[in-house]
Amino acid sequence: MSWQQEYEDKRTSLENAVNAVKSGDRVVVGHAAGEPVILVEELVRQKDRLQNVEIVHMVPMGNCEYCQVKGMENHIRHNAIFAGAPSRKAIAQNRADYTPVFFSEVPRLFKDGILPVDIAFIQVSPPDGNGNCSYGVSVDYTKAAAESAKIVIAEVNRQCPRTAGLGMHVSDIDHIVETDRPVVELPPPKITELEEKIGANVASLVEDGSNLQLGIGAIPDAVLSFLKDKKDLGIHTEMFSDGVVDLYQKGVITNKFNNLNPGKFTAAFLMGTKKLYDFVDNNPDVNMQPVDHTNNITVAGQVNKLVSINSAIQVDLFGQVCADTMGYQQFSGVGGQVDFVRAASISRGGKSVIAMPSTAKGGTISRIVLNLAEGACVTTSRNDVHYVVTEHGITDLRGKTVRQRATELINIAHPDFREELEKQATKRGLINAKSLYNMR
Ligand code: COA
């Protein structure tokens with residue numbers, strides 16, 4: 001049978017396709033902008049015939065309706081690999097769950113049957129002349145989920161960009177639902193004077209010829225805006241967005257010294273606006289790979305001058321970084337932070353940077369603290385952390401003693417909190433206040 005015939009046979013209505021989900025199934029949903037939102041919405045519509053369906057998902061970009069309504073968890077329960085605005089409350093209220101895992105290891109959860117996949121919901125581009133559909137904006141764990149699933153239900157979206165890299169053949173898909181809708185967009189974050197100061201500090205660490213991993217949010221975007229005068233930067237990351245396109249168009253990003261994939265943007269997923277999606281569409285220089293490749297430290301660590309830029313919620317005076325919990329509450333997830341901190345650490349000329357505002361909640365609390373909040377979990381350990389940057393300065397904790405770390409971190413804390421931090425640290429014998437003043 002030709003693949004065209006197979007495609008026709010598998011093409012069905014939304015209702016029929018989602019009808020393949022049965023009570024007790026684990027459904028893995030394509031990640032972030034790759035979310036096939038119409039499939040998830042239809043699943044919610046069919047909730048009354050379903051009990052104990054588990055949805056495993058990382059960053060949901062749809063409205064995650066099943067997390068908003070109490071009682072829905074008996075029908076459909078969310079298991080988050082990364083908490084976000086739509087799932088946080090449900091996790092806190094025990095209507096959803098969180099599973100801690102490095103992003104690089106998520107594909108193995110599915111491939112090794114640690115979390116066996118009954119159904120994969122994916123979004124792909126229409127097939128090419130050989131019947132291959134592109135995973136578009138999300139290869140990361142989506143490919144592993146699709147390849148491990150007993151049943152693959154694909155939204156074939158005409159507006160899903162065709163990205164170079166790996167795809168799925170029509171013969172491996174079980175049910176096809178055609179759509180023609182814009183891929184979910186994430187507008188660029190607002191950059192204030194504060195992020196600009198942090199961005200400028202981080203940018204001062206980026207040398208010409210560096211290869212960047214950029215986390216998500218206003219700080220990485222602010223960093224990009226201070227890189228306009230750099231030369232021959234490259235991208236080896238888990239995710240990139242519109243800011244990278246701007247720097248490429250200005251000739252700053254060339255990927256020339258990306259020794260692993262020269263000339264290529266290497267990423268696992270994409271999240272931005274139509275501008276980004278148009279840029280990557282049929283662009284042979286965009287190399288989309290699974291996250292167990294992009295984030296694997298033995299792969300990313302081979303990239304020379306790898307600079308990882310990520311953010312944090314709190315850093316304690318030992319240098320322990322909390323980036324995913326607020327006290328006992330799951331706020332986000334580890335994502336690729338530790339993968340890239342470690343990869344940058346073994347990369348020749350690499351640097352890992354944790355950049356954050358020195359305060360939170362309108363300047364009322366310090367993010368540099370004596371101890372992480374009760375219940376908070378360590379994301380990046382003090383043994384892994386290298387550069388920590390705030391709007392007040394830069395410190396490199398690598399090779400520093402506990403006393404030196406505490407002293408240096410207090411020096412980049414907000415001035416309003418330094419005295420109190422000094423008192424606390426002196427009381428616990430972490431620093432000798434006299435030596436602190438001598439260092440300033
Ligand atoms: N105590 C109380 N509230 C805090 C806080 C703290 N220590 N730190 C931050 N907050 C509040 C902020 O005030 C802000 O509240 P607001 O929205 O009411 O202003 C909110 O939490 C978000 O903080 P912010 O720093 O603006 O978040 P961000 O969007 O820049 O994201 C992380 C920062 C750390 C949450 C995010 O980078 C993350 O999830 N990292 C972990 C994973 C990772 O790094 N992955 C790699 C790339 S995907």
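In this predicted model, the centres of domain 1 and domain 2, taken over C-alpha atoms, are separated by 30 Å. The domain assignment of the chain places domain 1 at residues 3-179 and domain 2 at residues 193-438, and the contact between them takes 31 residues from domain 1 and 32 residues from domain 2. The points below turn to the pocket between the domains, then to the ligand, and finally to enclosed space.

**The second largest pocket**

- The second largest pocket holds about 250 Å³ of space, and of the 14 residues that line this pocket, those closest to its centre are Gln159, Cys160, Pro161, Lys274 and Asp278.
- Because domain 1 (3-179) and domain 2 (193-438) both give residues to the lining, the second largest pocket lies between the two domains.
- Sorted by class, the lining of the second largest pocket is made up of six nonpolar, two polar and six charged residues.

**The ligand and its surroundings**

- There are 20 residues around the ligand, and of these Glu238, Ser332, Gly333, Gln337 and Arg367 come nearest.
- By class, the shell around the ligand consists of nine nonpolar, eight polar and three charged residues.
- One polar contact involves a side chain, since an oxygen atom of the ligand is 2.9 Å from an N or O atom in the side chain of Gln337, a residue that is also listed among the nearest ones.
- Two other contacts involve the backbone: a nitrogen atom of the ligand is 3.0 Å from a polar backbone atom of Ile313, while an oxygen atom of the ligand is 3.2 Å from a polar backbone atom of Lys361.
- Taken alone, the ligand would expose 970 Å², and the protein buries 71% of that area.

**Enclosed space**

- Rolling a probe the size of a water molecule over the atoms is a way to show where empty space is left.
- The structure holds one cavity of 30 Å³ or more, and the largest cavity contains about 50 Å³ of space.
- The residues that line the largest cavity are Glu35, Val37, Val40, Glu41 and Val44, together with Gly62, Asn63, Cys64, Glu65 and Tyr66.

Key: Residues are numbered from 1 along each chain as its sequence is written. This is a predicted model: local features need pLDDT of at least 70, side-chain atom pairs count only at pLDDT 80 or more; totals for chains, interfaces and linings use all residues. Side-chain values use heavy atoms; hydrogens and water are left out. A residue is near a molecule or strand if one of its heavy atoms lies within 4 Å of it. A polar contact is a pair of N or O atoms within 3.5 Å; within protein, one must be able to donate a hydrogen and the other to accept it, and residues adjacent in sequence count only if both atoms are side-chain atoms. Accessible areas come from the Shrake-Rupley method with a 1.4 Å probe; for residues, only the protein chains shown count as cover. Ala, Val, Leu, Ile, Met, Phe, Trp, Tyr, Cys and Pro count as nonpolar, Asp, Glu, Lys and Arg as charged, and the others, Gly among them, as polar. On a 1 Å grid over the protein atoms alone, a cavity is a set of points where a 1.4 Å probe fits but cannot get out, and a pocket is an open set with protein on both sides within 12 Å along at least five of seven lines; lining residues have an atom within 4 Å of a point. Grid points are joined across faces, edges and corners, and a volume is the space filled by probe spheres set on the points. Domain bounds come from an automatic or database domain assignment. Contact means heavy atoms within 4.5 Å.
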